[in-house]
Amino acid sequence: MNHSARSIVLIGFMGTGKSSAGRLLSQRLDWPLFDSDALIEKKLKMSIGEIFSTLGEEHFREEESDVVQRLLPTRPSIIVTGGGVVLRGSNVVRLRELGTVVCLTSEVNDLQKRLLCPSDRPLLQVEDPGRAIEQLLEKRAPLYRAAADVTINTSSLSPDQVADSILDALAIAK
Ligand code: S3P
């Protein structure tokens, strides 16, 4: 399949490198970048941490779905999503309409190293964040698998190598 005319949608667990890969892809291809977390923060004029602590996770999920449903790129774009976007099937349906869904994964040890240093992620503000990462991953792994057209393990890759691997996997000329 020729993916070159479709947007690239990045999904995957926190800390797998979606944001940096998204930025690099946007620069290299000169495609617009949409980042669902950034769009939510802009809309509510609050950080993700503030949204979770004052409005709660459920409210955040509503905003996340709203942003995903309203995405309407007028040309192929890079779409970066938050790690929990796959929790709602309707988000996944929409993202798959928008483009080729690329899931970034990493070994759990690497995620723990990257995310616990310390993390500002609201879901990791718990007594045992290392265990929380394992539990969230266990719950979400099948959702990421089901949503993805392509999966790339970023554990031993630099951000530039992640961007290269995505372009290679989608057969987009660099
Ligand atoms: C979340 C991941 C975060 C952000 C929010 C919830 C999650 O995005 O959307 O904190 O549920 O995994 P990143 O994946 O960019 O960290």
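## A tour from the pockets to the sheet and the loops

The residues lining the second largest pocket of this structure divide into nine nonpolar, five polar and two charged. The model is a predicted one, and the tour begins at this pocket before moving on to the rest of the chain.

Select Thr105, Ser106, Leu137, Ala141 and Tyr144, which, of the 16 residues that line the second largest pocket, lie nearest its centre. The space in this pocket comes to about 220 Å³. Now colour β4 (99–105), α6 (108–115) and α7 (129–147), each of which supplies at least two residues of the lining; the largest share, four residues, comes from α7.

Keep Thr105 selected and step across into the sheet, where threonine 105 stands opposite asparagine 153 in β5. The two strands β4 and β5 pair in the parallel sense, over four bridges. Follow β5 along its side chains and an alternation appears: Val150 and Ile152 point to one face and are buried, whereas Thr151 and Asn153 point to the other face and are not buried.

Next, show the whole sheet, which is open and is formed by five strands in the order β2-β3-β1-β4-β5, with parallel pairing. At its edges stand β2 (33–35) and β5 (150–153), each with a single partner strand, so one side of each is left without a neighbour in the sheet. Looking from one strand to the next, you should find a twist that averages 20 degrees.

Move to the β2 edge and select β2 together with β3 (residues 78–80), which run parallel and are joined by three bridges. Within this pairing, phenylalanine 34 stands opposite isoleucine 79 in β3.

The next selection is the largest pocket, in which about 450 Å³ of space lies. It is lined by 24 residues, and those closest to its centre are Met14, Asp37, Gly82, Gly83 and Arg121. What is the character of the residues in the lining of the largest pocket: nonpolar, polar or charged? They divide into seven nonpolar, nine polar and eight charged. To see the helices that take part, colour α1 (18–29), α3 (48–55) and α4 (57–70), since at least two residues of this lining are supplied by each of them.

Now select phenylalanine 52 and phenylalanine 60 and display their rings. The structure holds one aromatic pair, and these two residues form it, in a tilted arrangement with 4.9 Å centre to centre and 40 degrees between the planes. Are the two phenylalanines buried or exposed? Phenylalanine 52 is buried, and phenylalanine 60 is buried as well.

Two backbone details remain for the end of the tour. Select lysine 45, which is placed in the loop between α2 (36–44) and α3, and inspect its phi, which is near 55 degrees, a positive value in a residue other than glycine. Lysine 45 is exposed, its relative accessible area being 74%.

Then go to the segment after α8 (159–169), in which alanine 171 lies. Phi of alanine 171 is near 55 degrees, again a positive value in a residue other than glycine. Is alanine 171 buried or exposed? With 60% relative accessibility, alanine 171 counts as exposed, because the cut-off for that class is over 50%.

Note on methods
Residues are numbered from 1 along each chain as its sequence is written. This is a predicted model: local features need pLDDT of at least 70, side-chain atom pairs count only at pLDDT 80 or more; totals for chains, interfaces and linings use all residues. Side-chain values use heavy atoms; hydrogens and water are left out. Rings of Phe, Tyr and Trp (its six-membered ring) pair if their centres lie within 6.5 Å; planes under 30 degrees apart count as stacked, over 60 as edge-to-face and the rest as tilted. Buried means under 20% relative accessible area, exposed over 50%, partly exposed in between (1.4 Å probe, protein chains only). On a 1 Å grid over the protein atoms alone, a cavity is a set of points where a 1.4 Å probe fits but cannot get out, and a pocket is an open set with protein on both sides within 12 Å along at least five of seven lines; lining residues have an atom within 4 Å of a point. Grid points are joined across faces, edges and corners, and a volume is the space filled by probe spheres set on the points. Ala, Val, Leu, Ile, Met, Phe, Trp, Tyr, Cys and Pro count as nonpolar, Asp, Glu, Lys and Arg as charged, and the others, Gly among them, as polar. Two strands pair if DSSP finds at least two bridges between them. Axes are lines fitted to C-alpha atoms, for helices over the stretch in contact, and angles run from 0 to 180 degrees between N-to-C directions.
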